[in-house]
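Thanks, everyone. I'll take the DNA surfaces, then one sheet. Here is the model.

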Number of protein chains: 2
Amino acid sequence: MPSHVPQSQTVKVKDVAREAGVAVGTVSRVLNDHPAVTRELRERVERAMAQLGYEVDVTAQSMRAGRSRLVACAIRDFDIPRFALFIKEAEAVLREAGYTLLLASTTNRPEVEIALLRAFRRRRVDGVMMTLSDEQHRDVRAALSEAPMPVLLIDRDRIDALDRVTADHREGARLATSHLLGLGHRRIAMLVGDLKAFPSRSRLEGFRAACAAAGIAPDPRLLRDDVLSSEDAYRATASLVSLAEPPTALFVAAMDTLGGCLRALRTMGLAVGDGISVVAGSDSDLAELYTPPITAIAWDLAAMGRHAATMLLERMRGDEIERGRGLTVPTELIIRGSSQPLAI
Amino acid sequence: MPSHVPQSQTVKVKDVAREAGVAVGTVSRVLNDHPAVTRELRERVERAMAQLGYEVDVTAQSMRAGRSRLVACAIRDFDIPRFALFIKEAEAVLREAGYTLLLASTTNRPEVEIALLRAFRRRRVDGVMMTLSDEQHRDVRAALSEAPMPVLLIDRDRIDALDRVTADHREGARLATSHLLGLGHRRIAMLVGDLKAFPSRSRLEGFRAACAAAGIAPDPRLLRDDVLSSEDAYRATASLVSLAEPPTALFVAAMDTLGGCLRALRTMGLAVGDGISVVAGSDSDLAELYTPPITAIAWDLAAMGRHAATMLLERMRGDEIERGRGLTVPTELIIRGSSQPLAI
DNA sequence: CGGAGTCAATGAACCGGTTCATCTGCGTTT
DNA sequence: AAACGCAGATGAACCGGTTCATTGACTCCG
């Protein structure tokens, strides 16, 4: 005999309690799998919940508990195909643990990063994973240190107090550069993103380390930083190959910008491989299937996503762990046909 | 003279009210830009808020208001590079309007879709945009019709009551097929995704319409459906070209699966262009820069994302609009070198 | 000059759960 | 038989905002 409940207005714990003939506290305990409920009452409550089509109100739970079971992920631009892998894996891990993912784009601007941190705390978000445009930015650092919830940095470092998941870009760039130097290249142009952030900074370090090891002083005119998009890479490539003394190799180290570089070369009537060697800073279908296939640095973004989520979960659980743990996934160089010995 | 407020525990409206010497209701009105507050009091309250470093608790607001200012986006798999564009634009529009984006992956399974809808209503999410694995699925349809918040379908149709944003895949496929037929191809293989969902269904319709218009009966053995990933495309391509009577053209209509197809061809020692023509169902850097460049169907996913967000905002605002509005972005065929006249 | 009308400001009740001090009933101990 | 212990159930208070009926001050007009 189903009691008549107005289907229009939502069913609340009170209604369930009345239907099951128990106190609201008991309904709450059933909802939260509290052990001190007899099987009989538990079943009666569950029956009542099914009967009435009850659904908890997570906002009410959040308010009382002071936490939302939300995890925010803010990255500079989702429009980076490989980042989708990171997010996908992180979301899967978080959902498994009962968390929901909030997504926002920082557009790589400090003000937005700060505003987002504020928005996240207003929402009582339980944890944050994010990129930063500049780890040294005063206001951003202040905002981070005031954040009441754990924050994990995605491919960023230099903030000791925070956990981070990074890729070993330094080693990747070192390998790529040594490879080109080994092929006889001396005029190697490098395209990197924003040097204020970890990935580009460490790629440049790796590049310089390889040059130093080979006893070579890189030509500063062949360095292009602030290459963040495919369009930037197009312009940088076009300007590089137009130099009086053009480079013999291009190291397109910025993420997902290979397309712009190749487009520029094609436009300028240049072919990769014989005239000019190319190494990509991140792997892709394009790198693999281009003619010739492009030598590229690869690392496991899916693993980064999983690790980021797992580390953040541990931190949110409040486990007693040392602050500022870092996890680095290795990079490897996949040598393909686009990097050829220097033609004499 | 800043009052001494225990920095440890959070500041609440009550504290702000006390500091400013006003009632809590007044603080709330200031927070919500209610017009009936004198400038003097408004300023006093704002000063107090700044003084105490006050931050509203959005969970408390959500609970009282019954809405969360969250919009959920659930798609089958974020690991589809071009979808990132959709999400990016949608997020920008929603954030502008004060909403935060929740993200989840349906993994293209009806149970997950239903579970997510339930999770979203529990969170008092204000609106949902999602893909469906199968528009005709009974339980999914039931879950959708019971959803208390507006739901917008992403590239899906057949549910009259819901708003939707689609691409004109039928026309794209028709154009591509006519193009191949015009080049003399008669044995055209088609790789599509799940025919239970709109995009693949309408691509197949377009394909068939073009064949019918040319008076040609397509060979059913050349159709491969359920191609959802690059790996699926690899297998489908390998099996197609191994047929006794292989196709002379491949229409890789499924989204972002071109890589798998090209990888298979390369493995089988086939070259695109002379031996076999290829048309891709979605454009990409790979299609544009491959040798030969791949003829592809293109449409504006960024615009789809913007429109989806805008339509959902209108609906959430409760505007009096007819139910089930549909917006279709056009598709175009970009003809490149991979589609060549049939060699005789 | 008094009554009606207007506009700000007030603060108690409310949103829908969870928590915890308190109570109940039953078995154990002495 | 009285005292005790304890598991299980109860329900009022609470989380931190918003809402709205009410109050108070002030203006306008006959």
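One definition up front: a residue is near a strand if one of its heavy atoms lies within 4 Å of it. And keep in mind that this is a predicted model.

Start with DNA strand D. Which part of strand D makes up 61% of its atoms within 4 Å of the protein? Sugar or phosphate; the rest belong to bases. There are 25 residues around strand D. A:Thr26, A:Thr38, A:Arg64, B:Ser28 and B:Gln61 come nearest. By class, that surface has 11 nonpolar, 8 polar and 6 charged residues.

Where do they come from? Helices H2 (24–31) and H4 (58–65) of chain A, and H2 (24–31) and H4 (58–65) of chain B, each supply at least two residues. H2(A) gives the most, with 4 residues.

Now atom pairs on strand D. A:Thr26 puts a polar side-chain atom 2.7 Å from a phosphate oxygen. Two arginines go to bases. For A:Arg29, a polar side-chain atom lies 3.0 Å from a base nitrogen. For B:Arg64, a side-chain N or O atom is 3.0 Å from a base oxygen.

On to DNA strand C. It is surrounded by 25 residues, and the closest are A:Ser28, A:Gln61, B:Thr26, B:Thr38 and B:Arg64. Of the strand C atoms that come within 4 Å of the protein, sugar and phosphate account for 64%. The residues divide into 12 nonpolar, 7 polar and 6 charged.

Three contacts here, from chain A. A:Val13 uses a backbone N or O atom, 2.9 Å from a phosphate oxygen of strand C. A:Gln61 has a side-chain N or O atom 2.8 Å from a phosphate oxygen. A:Arg64 reaches a base oxygen, at 2.9 Å from a side-chain N or O atom. H2 and H4 of chain A, with H2 and H4 of chain B, are the elements that give two or more residues to this surface. The largest share, 4 residues, comes from H2(B).

Last, the sheet in chain A. It is open, with 6 strands in the order S7-S6-S8-S9-S10-S12 and mixed pairing. Why do S7 (223–224) and S12 (331–334) each have one side without a neighbour in the sheet? They stand at the edges, each with a single partner strand, so one side is left free of a sheet neighbour.

S10 (residues 295–299) pairs with S12 in the antiparallel sense, over 4 bridges. In S12, A:Thr331 is the bridge partner of A:Trp299. Helix H10 (residues 230–241) packs on the sheet, touching S6, S7 and S8. Its direction makes about 160° with that of S6. Helix H11 (residues 258–267) lies across S8 and S9, at about 155° to S8.

Definitions and conventions:
Residues numbered from 1 in each chain as written. Chains lettered and ligands numbered in written order. Predicted model: local features only at pLDDT ≥ 70, side-chain atom pairs only at ≥ 80, totals over all residues. Heavy atoms only, no water. Pairing = 2+ DSSP bridges. Contact = heavy atoms within 4.5 Å. Axes fitted to C-alpha atoms, helices over the stretch in contact; angles between N-to-C directions. Polar contact = N/O pair within 3.5 Å; in protein donor to acceptor, adjacent residues only side chain to side chain. Nonpolar A, V, L, I, M, F, W, Y, C, P; charged D, E, K, R; others polar.
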